[in-house]
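The following note is offered to a colleague who is new to this structure. It proceeds by numbered points, taking sheets, helix contacts and ligand surroundings in turn.

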Amino acid sequence: MNPVAHGTALDAEALAIDATAHGDPAHAPRLDAYWMPFTSNRRYKKSPKLIAKAEGIWFTTCDGRQVLDGLSGLWCCNAGHCHPRIVEAVRRQVGTLDYAPAFQVGCEDAFRLAERLVAMAPDGFGQVFYTNSGSEAVDTALKIAVAWHRARGDGQRFRLIGREKGYHGVGLGGISVGGIAANRKTFASLMIPGVDHLPHTLDRAAMAYSRGQPAWGAHLADDLERIVALHDASTIAAVIVEPMQGSAGVIVPPRGYLERLREICARHGILLIFDEVICGFGRLGENFGAQRFGVTPDLITFAKGVTSGVVPMGGVIVKREIHDAFMAGPEHLIELFHGYTYSGHPLAVAAAHAALDVYADEGLFAHARTLEPVLEAAVHALRGEPHVVDIRNIGVAAAVELQPIDGSPGLRALQVFEKAYELGALIRVSGDTIALAPPLVSAPHDVTLLVDLLRAALRTAG
Ligand SMILES: Cc1ncc(COP(=O)(O)O)c(C=O)c1O
């Protein structure tokens, strides 16, 4: 199917609202019982935004309005919504094998999917460990890293190094290595010990309004040498970074930065984990950020786009030598005491196979590369709009940073978010930064429409 045609098809009949189910005040749910995640619940419930349907790049709200999906759901619906091939694959699967345990038994398609994912990773990767989310993928990767050193008789390597502004989900491992204060401060007593952080790479004085990778900042990777000198390499298990920091607002790695991190980790026997939960599956125009930036880590976490968001799934792809170090001892023993009831869930596996088919058959990663300059030009044209202080972009992702309202951080961007939704675009805010990451099936004019709606919101919000 032509990605552009699928992404923009607006079939009024297909999107029509069933008034008996949605939008009818008599059937409206009470909102109190649902404690919503990462949401200002009280403000939301005074002015709820309820979505009833989705197709392609469009949501239909419960009151029958069309809203452009400006963030691929939450960075996950790379093939757009309700793609017929993915829907059909899941429908078929649920009637054939709804569930099978993954401990000591397995399904053929889960093995086939692992083979496909390994083939999408850079050379040297060999195995996939399935999880159900990005958070679980991160905690799994951290555990594998620590366990790998131990399996090789290097069990004193327990320290984990994250990065300021990093987002690695909400598990206790993920928030420990994560670098977003709001996600950490409340839970400080629960953090895992022995974690340190690299500095983030965002410096507006040096790189504001950069297009793609900033020229400034490779030297910030050298801070890893300071951390190594402080703790000694013999205590450090792994460094985890997002190749491009998505949730903190599209912080693009400076040219040469990831290469330097790679080199320092290799020199000190430290594993490098790329958290590719956002970067993977075409967001940066390649299979993974690793290929986009030409830097090969030792472990890759993934989630979101692997199923185009249709069924939850995540996982870790590891280098063969990492996996092989565990394959010692008596064969009847479990090599890694880790796993989830829903690891390799048949519905997720079916959705993933279909999503990967769609990405390949529709050439969506190549299409993403053609969208990149369109998004870049459109979003940088917002320079000079009210309150804009920085604009960043790479792949099909961009961020617009706003000057916070004095004394009320986050409120300005939230107001823009609410206005944009009213005008017909769903965007994402993190603090006072707005993120855009439209589905890869978008046409160039969809991308410019999204930015036009954001412009209108910036001019009228607040
Ligand atoms: C880089 C990264 N890691 C981990 C996660 C957590 O994923 P999940 O919300 O599926 O647990 C996210 C979510 O946005 C992410 O961006």
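1. Two strands are taken to pair if DSSP finds at least two bridges between them. The model discussed here is a predicted one. With that criterion, strand β11 and strand β12 (residues 397-402) are joined by 6 bridges and run antiparallel. Within this pair, I391 has V400 of β12 as its bridge partner.

2. The pair belongs to an open sheet of 4 strands, ordered β11-β12-β15-β14, in which the pairing is antiparallel. The edges are formed by β11 (388-394) and β14 (428-430); each has a single partner strand, so one side of each is left without a neighbour in the sheet. On average, neighbouring strands are turned by 20 degrees against each other, direction ignored.

3. Helix α15 (residues 364-380) packs on this sheet and touches β11, β12 and β15 (433-436). The direction of α15 makes about 175 degrees with that of β11.

4. An open sheet of 7 strands should be considered next; the order is β4-β10-β9-β8-β7-β5-β6 and the pairing is mixed. Here β4 (125-131) and β6 (195-198) stand at the edges with a single partner strand each, so one side of each is left without a neighbour in the sheet. The twist from one strand to the next averages 20 degrees.

5. At one edge of the 7-stranded sheet, β4 is joined by 6 bridges to strand β10 (residues 314-319), and the two run antiparallel. V128 stands opposite I317 in β10. Helix α5 packs on the sheet, where it touches β4 and β10, and its direction makes about 125 degrees with that of β4. Helix α6 also packs on this sheet, touching β4, β5 (159-163), β7 (236-241), β8 (271-275), β9 (299-302) and β10. The direction of α6 makes about 30 degrees with that of β10.

6. How do α5 and α14 pack, and at what angle? Helix α5 (residues 108-120) packs with α14 at an angle of about 40 degrees, the axes being 9 Å apart. Angles from 35 to 65 degrees fall in the oblique class, and α5 is therefore oblique to α14. Their crossing is left-handed. On the α5 side the contact is made by D109, A110, L113 and R116, and on the α14 side by V349, A350, A352, H353 and L356. By class, the residues of this contact are 6 nonpolar, 1 polar and 2 charged.

7. Helix α14 (residues 346-361) also meets helix α4 (residues 84-94): the axes come within 8 Å and cross at roughly 155 degrees. Angles over 145 degrees count as roughly antiparallel, and α4 and α14 are therefore roughly antiparallel to each other. The crossing of α4 and α14 is right-handed. From α4, the residues R85, I86, A89, V90, Q93 and V94 take part; they meet P346, L347, A350, A351, H353, A354, A355, D357 and V358 of α14. This contact divides into 11 nonpolar, 2 polar and 2 charged residues.

8. Finally, which residues come nearest to the ligand? There are 15 residues around the ligand, and S133, G134, S135, G169 and V277 are those that come nearest. Helix α6 (residues 134-151) gives the most to this shell, with 3 residues. The shell is made up of 6 nonpolar, 7 polar and 2 charged residues.

Technical notes. Residues numbered from 1 in each chain as written. Predicted model: local features only at pLDDT ≥ 70, side-chain atom pairs only at ≥ 80, totals over all residues. Axes fitted to C-alpha atoms, helices over the stretch in contact; angles between N-to-C directions. Parallel < 35°, antiparallel > 145°, perpendicular 65-115°, else oblique. Left-handed = near helix turned anticlockwise from the far one by under 90°. Contact = placed C-beta atoms within 7 Å. Nonpolar A, V, L, I, M, F, W, Y, C, P; charged D, E, K, R; others polar. Near = placed C-beta within 6 Å.
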